[in-house]
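Please open the structure in a viewer and keep the selection tool at hand. The stops below are meant to be followed in order.

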Amino acid sequence: MIDTVWLDEEKDLLMYIDQTLLPNELRVCSCSDIFDLSAIIKRLAIRGAPAIGVGAAIGLYAAASRFEEESEQGFLYSFTKCAEYVTNARPTAVNLSWAANRMVKCANESLGHGVEHLKSALKAEALKIYNEDIETCKKIGIYGDTLIKDGAGILTHCNAGSLAAVRYGTALAPIYIAAEKGKRIHVYADETRPLLQGARLTVYELCESGIDVTLQCDNMAASLMASGRIDCIFVGADRVAKNGDAANKIGTSGVAIIAKHYGIPFYVCAPFSTIDFSCESGKDIIIEQRDGSEVSTLHYQKRMTHESAKIYNPAFDVTPSELITGIITERGIFKGDEIANQQ
């Protein structure tokens, strides 16, 4: 299991796996330009809420390390503008703004000792965010593992594994911990239309880790749950509202509805940095709308629908808290209505 994003400390570069090329090519790339960083996040070369946050923090430092401003105020102004620019790359994943705001706060709190001190402080903060993510995801895995019995069948949607974080991931962290303990598990992965993160990424990393996995089309989830082969469901989240509503990859709410019908526990795995306490409910979450070509042409040799057809392509949907059995965090497992008390 290699890291998804990291800092080349000698060259001050953001290093990352380009996830748009998986599963056919594993390519490691670098970045130190703020415009490139925004584009990388927009085109999903770095994706997954935790990875976006860590990547943004490291990328912001990499860009700032090359600033030529000699005054602290000039440096701070440029850095703040860079953080604002990157934050707009993807509006739904709260970890992006969380990490950018944390880096800006670090810069503000480090004033008074010169520009080089500012750069050193930002580097330390980026590395701290990186290391925290590894520890946080492992704790999510440890808590989630308590819900997995030996021989369990587990369904997941999209990719919230090691590729969506630095290491371990969120929704797949309990699976990795269970596997480390020697539990026999079988994972069923929805392909996750239209970008196929389940087929391309989840199946890739589980196969590479030697974990038994079966791929299915999204519209096969109900049939699979009806068969009795699913004991629990783990998904990630890009933003959790104060009332426990959770935004995740499009199709997640449908999985939750079916799970409720069949009485299958449905868990959302998310670090506390994904909880937006300023967001009262899922109705307040901005849902990213993506280009229709992802539906009509991206994975086809020829366009698969009429050229005049309108295309609806939201990147996320919101699962109401009443459909969520529990939210697994690094601090423990909570019911949706308990989240507000954890602020």
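Begin with the open sheet of three strands, whose order is 1-2-3 and whose pairing is antiparallel. Select strand 1 (5-8) and strand 3 (28-31): they stand at the edges, each with a single partner strand, so each has one side without a neighbour in the sheet. On average, and with direction ignored, neighbouring strands here are turned by 30° against each other. The model shown is a predicted one.

Next, select strand 2 (residues 13-17) together with strand 3; four bridges join the two in the antiparallel sense. Within this pairing, look for Ile17, which stands opposite Val28 in strand 3.

Move on to helix 4 (residues 94-109) and display it with helix 5. The two pack at an angle of about 145°, and their axes are 9 Å apart. Their crossing is right-handed. To view the contact, select Trp98, Ala99, Arg102, Met103, Cys106 and Ala107 of helix 4, then Leu118, Ala121, Leu122, Glu125, Ala126, Lys128, Ile129 and Glu132 of helix 5. By class, the contact of helix 4 with helix 5 comprises 10 nonpolar and four charged residues, with no polar ones.

Keep helix 5 (residues 115-145) on display and add helix 6 (residues 173-180). At what angle do the axes of these helices cross? They cross at roughly 70° and come within 7 Å. Helix 5 and helix 6 are therefore roughly perpendicular to each other, an angle of 65 to 115 degrees being counted as such. The crossing of helix 5 past helix 6 is right-handed. On the side of helix 5, select Cys137, Lys138, Ile140, Gly141, Ile142, Gly144 and Asp145; they meet Ala173, Pro174, Ile177 and Ala178 in helix 6. This contact of helix 5 with helix 6 has seven nonpolar residues, two polar and two charged.

Now select helix 6 alone. How many of its eight residues are buried? Six are, and helix 6 is thus mostly covered. The buried residues of helix 6 are Ala173, Pro174, Ile175, Tyr176, Ile177 and Ala178. To see what covers them, bring in the surrounding elements, including helix 5, strand 4 (152-156), strand 5 (185-190), helix 7 (197-208), strand 7 (232-235) and strand 10 (266-269).

For the final stop, select Gly182, just after helix 6, where phi is positive at about 90°.

Terms used: Residues are numbered from 1 along each chain as its sequence is written. This is a predicted model: local features need pLDDT of at least 70, side-chain atom pairs count only at pLDDT 80 or more; totals for chains, interfaces and linings use all residues. Side-chain values use heavy atoms; hydrogens and water are left out. Axes are lines fitted to C-alpha atoms, for helices over the stretch in contact, and angles run from 0 to 180 degrees between N-to-C directions. Angles under 35 degrees count as roughly parallel, over 145 as roughly antiparallel, 65 to 115 as roughly perpendicular and the rest as oblique. A crossing is left-handed if the near helix is turned anticlockwise from the far one by less than a right angle, and right-handed if clockwise. Contact means heavy atoms within 4.5 Å. Ala, Val, Leu, Ile, Met, Phe, Trp, Tyr, Cys and Pro count as nonpolar, Asp, Glu, Lys and Arg as charged, and the others, Gly among them, as polar. Two strands pair if DSSP finds at least two bridges between them. Buried means under 20% relative accessible area, exposed over 50%, partly exposed in between (1.4 Å probe, protein chains only).
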